[in-house]
Amino acid sequence: MDWGLFVQLMINGLIVGALYGVVAMCFVLIYKASQVVNFAQGEFVLIGAWVCWFFLTKYQVPFFVGFLMTLAFMVAFGILIQVVVLRPMIGEPVISVIMVTIGLSIIFQALMKWAFGVFAQPFPPIFARESVAILGLEVRTVYLVSLVASLGIMGGFAYFFKATRMGLAMRATAFDQQVAQSLGISIRSVFAMAWAISAAVSAVAGVVVGVVNGVSSALSFIGIKVFPAVILGGLDSIVGGVLGGIIIGLLENLAHFVDSQWLHWGNLIEVVPFWVLIVILMIKPYGLFGTRDIERV
Amino acid sequence: MAGAGFRPCGDFKQDYASDTRIFDTAASRWWCVAGVVLLCLLPIVSEYGGIDLKYELSLLIQVGYLGIAALGLNILVGFTGQISIGHAAFFGFGAFASPFLNNNFGIPVFFSIPLAGLMATAAGMLFGIPAARLKGLYLAIATLAAQFILQDFFGRADWFSGGTHGAPASPFSIFGFAFDTDATFFYVVLAYVVLLYLGAANLMRTRDGRALVAVRDHYLSAEMMGINLTKYRTMSFGISSFYAGIGGALYGHYLGFVSVEGFTILFSIQFLGMIIIGGLGSIMGSLMGTAFMVLLPEVMDGLTGALAGTPLDRALGLKDNLSYLREIAVGVTIILFLVFEPDGLAHRWRQIKAYWKLYPFSY
């Protein structure tokens, strides 16, 4: 047993899990607001990271300016996608809507590879100090910042949905579209808003991972890892998404630990989330916090 | 095909048997037979007729084995309304299972191909059963998991797939005659295509086939009419995996070697693209969509070839990025078809047929 490695992997799992949680939250936001299962969530992460990288390296803007520009771009991008592609699909069968998001995902994936190449590109250094000491543990600054950023986003979401007018309108829409509409809520702007927020917040996750590991098309894999997280948490629960993300992050690193210490099967970290997914579907298909739909006729 | 065709005036059906016939007129049946006979002649022309059709034959073989798998997916998605994003994994499972049976147990390829289909069915059931209790969305996510788990399994299981080295597959043979060239293997694929497409067309005329359609159209009403939802969803998933397995096995024995890299999620999405382009819930549409998807890269090659050297090519590097362009083309075609022609090529084909039947007096 190598406890040092264990602690290291658990911290890693927590940080990665928090990022999964953030992306899962964005996924659930779109699903709740507009009943669209977004298979292009990972591409939002990827595009956000590439756009930020592009501003930083090409135009040499300071990090925070580039970051804000990325957010602005992603908001516009999210609205554009919703209005141009997803709005005409309202009322179409589930298969069509899912296929449209899958189509978008492969288009963006290929476009990004075309535009930026397939090799990982490092971000320019952002923090003056490489690592800080907390309670005697040396922690890399980027990890700390990414954890803080994730927690900040989650807090921001909680505030947004509890206290702001737009957040309440979105919750009302998720609860019952017709009632919300009759109360004067513009469903169109709620849908567009959901996509905009989702795209922008996913981009934050993308930038964080990009700063840590460099930007490459492998980033969009987060969009696939989100599925175990949201199924575990419950497809329509934002809290569930966050918790599911953290659990999946911890679990895959635990699997990696078990694998490296005893099993030596290799590559377990990649597949364990999907085994978990199948098991959850067998024993608790609506997840930890999801609403079980009961149909009465 | 059954039920949806254009019928000439005065062609009234006297009983149910004639209404559910696969070919609703004698002419359409003879056209189909003529088409198959014509296809049978192709390899002979290529071998002895002096016209080199080797490349065309290899494309047709591709359309054949991919078309079988696409039909399986269409039975699941188009007829039962369930979604699978892991079809390529089951296709791959079949591609490995048949050489596995052949190499390790000495089962002749003739028998190992259907057995591979059954093995793919078993693998499909493993992932389908937990999801079949639930609605389409959950099956989509379960099959997504199946895609990654099976892909990982192919790389890991040396005893089954040869691991990262891949598996050799011996050619199809009957009584010592090996179908190891394009011209001969073409007949094997053609036989399987005809057999399995007729099988699917017949399935849709039976009680079970109608039950699948009922599950798609309104699952609550279907359940109230006594259709066991779980049973039919699982069955549909099993049939779909079976077709995928057969298609995969043919692919394996055609190439002679199966490597683990090919069966990615992008391939699964291409299968979905085929049936959307061809037409969800249309049997012949599956074949048309497959042909479209196989020809798409050829068209892309032609286009970039024609644009080579132009300023556009120099600015965007079209030739060097051909593989990305293909992916983009697949995605764009899927979205365009969903938005502008959701019923696919099969629908367009029916309209063209109706137009020419009435030409020049279209009213």
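**Exercise 1. In this predicted model, work out how helix α1 and helix α8 of chain A are oriented to each other.**

*Solution.* Start with the geometry. Two packed helices are described by the angle between their axes and the distance between the axes. Here the players are α1 (residues 3–34) and α8 (residues 187–213) of chain A; they pack at an angle of about 170°, and their axes are 9 Å apart. Next, bring in the cut-off: angles over 145 degrees count as roughly antiparallel. So α1(A) and α8(A) are roughly antiparallel to each other.

Now look at who does the touching. On the α1(A) side you'll find, among others, A:L19, A:V22, A:V23 and A:C26. α8(A) answers with residues including A:V190, A:F191, A:A194 and A:W195. Sort the residues of this contact by class and you get 16 nonpolar, three polar and no charged.

**Exercise 2. Which elements of chain A give two or more residues to the side that touches chain B?**

*Solution.* First, get the head count: 32 residues from chain A and 34 residues from chain B take part in the contact. Then go through the elements of chain A: α4 (94–116), α9 (221–233) and α11 (268–283) each give two or more residues to that side. The top contributor is α4(A), with 15 residues. Finally, check the chemistry: the chain A side has 26 nonpolar, three polar and three charged residues.

**Exercise 3. Describe how the two domains of chain B meet.**

*Solution.* Begin with the bounds: the domain assignment puts domain 1 of chain B at 43–263 and domain 2 at 265–363. Their centres, taken over C-alpha atoms, sit 22 Å apart. Where they meet, 23 residues of domain 1 of chain B contact 17 residues of domain 2 of chain B.

On the domain 1 side, α3 (54–79), α4 (87–105) and α8 (182–203) of chain B each supply at least two residues. The largest share, 13 residues, belongs to α3(B). By class, this side of domain 1 comes out as 15 nonpolar, eight polar and no charged residues.

**Exercise 4. What does the radius of gyration say about the overall build of chain B?**

*Solution.* Count the parts: chain B has 16 helices and four strands. Its C-alpha atoms fill a box of roughly 60 × 55 × 50 Å along the principal axes. Now compare with the rule: a compact globule of 363 residues would have a radius of gyration near 21 Å, and chain B agrees, at 21 Å.

Two more values round this off. Of the 363 residues of chain B, 45% count as buried. Among its contacts between residues at least 6 apart in sequence, 74% join residues at least 24 apart.

Technical notes. Residues numbered from 1 in each chain as written. Chains lettered and ligands numbered in written order. Predicted model: local features only at pLDDT ≥ 70, side-chain atom pairs only at ≥ 80, totals over all residues. Domains from an automatic or database assignment. Contact = placed C-beta atoms within 7 Å. Nonpolar A, V, L, I, M, F, W, Y, C, P; charged D, E, K, R; others polar. Axes fitted to C-alpha atoms, helices over the stretch in contact; angles between N-to-C directions. Parallel < 35°, antiparallel > 145°, perpendicular 65-115°, else oblique. Rg over C-alpha atoms; globule rule 2.2 N^0.38 Å. Buried ≥ 20, exposed ≤ 12 C-beta atoms within 10 Å, placed from the backbone.
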